[in-house]
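Got a few minutes for some worked exercises? Have a look at the structure first, then try each task before reading its solution.

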Amino acid sequence: MAKVKKKVKVIKIDTDKCNGCRSCEVICSAFHATDKYSITNPSRARIRLIREPLQDVYLPVYAGEYTPAECMGRDKYIVDGKEYEECAFCRASCPSRDVFKEPDSGLPLKCDMCEDDPEQEEPLCVKWCLSDALTYEEREEEVEEEVLLDEMETGLKSLVDKYGLNNLIDSIARMSQKD
Ligand code: SF4
Ligand code: SF4
């Protein structure tokens with residue numbers, strides 16, 4: 001299997017610097033609105049803030065993978081004396097909670113690092129985080145070509161689970177006719 005270069009994008013989260021302003025949620029939902037920037041709705045954001053002001057807990061969490069089944073149990077974290085709610089650190093769009101689901105369709109949301117054409121210089125939530133709680137880094141890694149194909153198949157599988165294979169094939173056929 002051939003080796004290919006993969007760009008790895010990393011957003012570092014410094015929770016001590018986060019002040020809970022939620023600008024990251026606002027810009028993310030606006031950027032992903034149809035039409036772009038036409039509306040803001042944080043429940044559509046691919047980043048969500050876990051807030052417990054009385055405990056000084058401000059935890060930005062990015063939307064990760066869709067998962068069709070919830071966990072068998074729950075995790076409780078206590079870090080530096082602060083107790084985080086169950087599922088607080090989890091990035092999955094899963095059946096047991098509403099976060100990281102598009103509120104109208106229920107489709108899973110996933111951070112795309114602000115995929116755009118031309119590419120964003122840095123993700124918009126990073127740009128809008130004036131407290132520097134979010135910082136951006138890029139690096140290159142060599143991976144097997146098969147690994148990249150696996151990633152694509154995981155994304156397609158979530159759509160197949162939601163809409164069925166035939167509907168997905170019909171949609172792709174319609175999209176290709178428009179190009
Ligand atoms: S924009 Fe920055 S400071 Fe504001 S909530 Fe998001 S991560 Fe926290
Ligand atoms: S990187 Fe872009 S898509 Fe991901 S959460 Fe931030 S603004 Fe949203």
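The exercises below use a predicted model, and each one comes with a step-by-step solution.

**Exercise 1. Get your bearings**

Work out how many helices and strands the protein has, and in what pattern they follow one another along the sequence.

Solution. Start with the tally: there are four helices and six strands. Now read along the sequence, and the pattern comes out as β-α-β-β-β-β-α-β-α-α. For the overall dimensions, take the C-alpha atoms along the principal axes; they fill a box of roughly 55 × 40 × 35 Å. Next, burial: of the 179 residues, 29% are buried. Finally, look at contacts with a separation of 6 or more: 64% of them come from residues 24 or more positions apart.

**Exercise 2. Two domains, one interface**

Find where the domains lie and describe what domain 1 and domain 2 bury between them.

Solution. First, the bounds: domain 1 covers 3-144 and domain 2 covers 148-179. Their centres, taken over C-alpha atoms, are 24 Å apart. Then count who touches whom: nine residues of domain 1 are in contact with eight residues of domain 2. The size of an interface is often given as the accessible area lost when the parts come together, so that's the next step. Here about 640 Å² is buried between domain 1 and domain 2, with carbon and sulfur atoms giving 62% of that area. On the domain 1 side, Lys-6, Tyr-66 and Leu-107 supply 55% of the area buried against domain 2, more than any other three residues. And salt bridges between domain 1 and domain 2? The count is zero.

**Exercise 3. Follow the salt bridges**

Pick out the partners of Glu-25 and say whether Glu-25 itself is buried or exposed.

Solution. A search of the whole structure turns up 14 salt bridges. Go to Glu-25 and take its partners one at a time. With Arg-22, the closest N and O atoms are 2.7 Å apart. With Arg-48, the corresponding distance is 3.6 Å. That second pair links distant parts of the chain, since Glu-25 sits in helix H1 (residues 23-31) and Arg-48 in strand E2 (residues 47-52), 23 residues apart. Now for burial, where the cut-off is under 20% relative accessible area. Glu-25 has 0%, so Glu-25 is buried. Arg-48 is buried too, whereas Arg-22 is partly exposed at 34%.

Now try another pair: which residue does Lys-7 bridge to, and how many residues apart are the two?

Solution. Lys-7 pairs with Glu-119, and the closest N and O atoms are 3.3 Å apart. Place both on the chain: Lys-7 is in strand E1 (residues 3-13), while Glu-119 is in the loop between strand E5 (82-84) and helix H2 (124-128), which puts them 112 residues apart. Lys-7 counts as partly exposed, at 41% relative accessibility.

**Exercise 4. Read the ligand shells**

Break down the shells around ligand 1 and ligand 2 by residue class.

Solution. Take ligand 1 to begin with. Among the residues around it are Cys-18, Cys-21, Cys-24 and Cys-129, along with Arg-22. The shell of ligand 1 has seven nonpolar, four polar and one charged residues. Move on to ligand 2, whose surrounding residues include Cys-28, His-32, Cys-111, Cys-114 and Cys-125. The shell of ligand 2 has nine nonpolar, one polar and two charged residues.

How values were computed:
Residues numbered from 1 in each chain as written. Chains lettered and ligands numbered in written order. Predicted model: local features only at pLDDT ≥ 70, side-chain atom pairs only at ≥ 80, totals over all residues. Heavy atoms only, no water. Near = heavy atom within 4 Å. Nonpolar A, V, L, I, M, F, W, Y, C, P; charged D, E, K, R; others polar. Salt bridge = Lys/Arg side-chain N within 4 Å of Asp/Glu carboxyl O. Buried < 20%, exposed > 50% of the residue type's maximum accessible area, 1.4 Å probe, protein only. Domains from an automatic or database assignment. Contact = heavy atoms within 4.5 Å. Buried area = accessible area lost by both parts, 1.4 Å probe.
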